[in-house]
Amino acid sequence: ATAETTTSISAFIDLTTPGPIVTVKTGERALVFFKAHVSHTDADAVSAISFAVSGDTTLNASFNYSAQADGIFTPGNKPSICGFKYLTNLTPGDSNTFTMKYYTGATDSTFELRELVVIPF
């Protein structure tokens, strides 16, 4: 729930406290839900959340499966951004680890109330 800020504008990254992180045994498929509250003060900037997968499968965080907010969102006006992705190309095995990642195109973005749910199939 702690608010954390990033100034990275080149890639999806971990915050000071990484995650949330979920490790589950999967088959070839999983349904992933992700959510966070975001704030930034740059009118033309984008803040985004996504997730990466490691373990039996490797998948980098991407704008192709992300949730984004653009415009001015001050600390008193923090929208909740959320997204989901149905993955069908996981490598079945012992476990896959899903980790939320964060991006800002703003001077800085603050993320809080971060949630990640993974339903394996």
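This report walks through the sheet, the nonpolar core and the aromatic pairs of one protein chain.

The structure is a predicted model. Its average pLDDT is 89, and 94% of the residues score at least 70. If you like to know where confidence varies between elements, β2 has the highest mean pLDDT, 96, while β5 has the lowest, 86.

**The sheet**

Let's start with the strands. Four of them make an open sheet with antiparallel pairing, in the order β1-β8-β3-β6. At its edges sit β1 and β6, each of which pairs on one side only. Direction ignored, neighbouring strands in this sheet are turned by 35° against each other on average.

The table follows the sheet from one edge to the other, with one bridge partnership for each pairing.

| Strand pair | Bridges | One bridge partnership |
|---|---|---|
| β1 (residues 4-6) and β8 (residues 109-120) | three | Thr 6 with Ser 109 in β8 |
| β3 (residues 30-39) and β8 | nine | Phe 34 with Leu 116 in β8 |
| β3 and β6 | eight | Ala 30 with Leu 87 in β6 |

As general background, strands of a sheet pair through backbone hydrogen bonds.

**The nonpolar core**

The bridge partners Phe 34 and Leu 116 turn up again in the largest nonpolar core, which has 23 residues. Along with Val 32, Ile 49, Phe 51, Phe 98 and Val 118, they touch the most other members. At least two core residues come from each of β2 (21-24), β3, β4 (46-55), β5 (67-70), β6 (80-87), β7 (96-104) and β8. Strand β3 provides the largest share, with five residues. In soluble globular proteins, nonpolar side chains tend to be buried together.

**Aromatic pairs**

Across the whole structure there are nine aromatic pairs. One of them joins Phe 12 and Tyr 103 in a tilted arrangement, 5.7 Å centre to centre and with 45° between the planes. This pair links distant parts of the chain: Phe 12 belongs to the loop between β1 and β2, Tyr 103 belongs to strand β7, and they are 91 residues apart. Phe 12 and Tyr 103 are both buried.

Phe 51 and Tyr 65 also form a tilted pair, with 5.1 Å centre to centre and 45° between the planes. Because Phe 51 is in strand β4 and Tyr 65 is in the loop between β4 and β5, this pair ties together parts 14 residues apart in sequence. Both Phe 51 and Tyr 65 are buried as well.

Which residues share an aromatic cluster with Phe 51? Phe 34, Tyr 65 and Phe 98 join Phe 51 in one cluster.

Conventions. Residues numbered from 1 in each chain as written. Predicted model: local features only at pLDDT ≥ 70, side-chain atom pairs only at ≥ 80, totals over all residues. Heavy atoms only, no water. Pairing = 2+ DSSP bridges. Helix = DSSP H or I, 4+ residues; strand = E, 2+ residues; numbered from the N terminus. Core = buried A, V, L, I, M, F, W, Y, C linked by side-chain atoms within 4.5 Å. Buried < 20%, exposed > 50% of the residue type's maximum accessible area, 1.4 Å probe, protein only. pLDDT = per-residue confidence, 0-100. Axes fitted to C-alpha atoms, helices over the stretch in contact; angles between N-to-C directions. Phe/Tyr/Trp six-rings, centres within 6.5 Å; stacked < 30°, edge-to-face > 60°.
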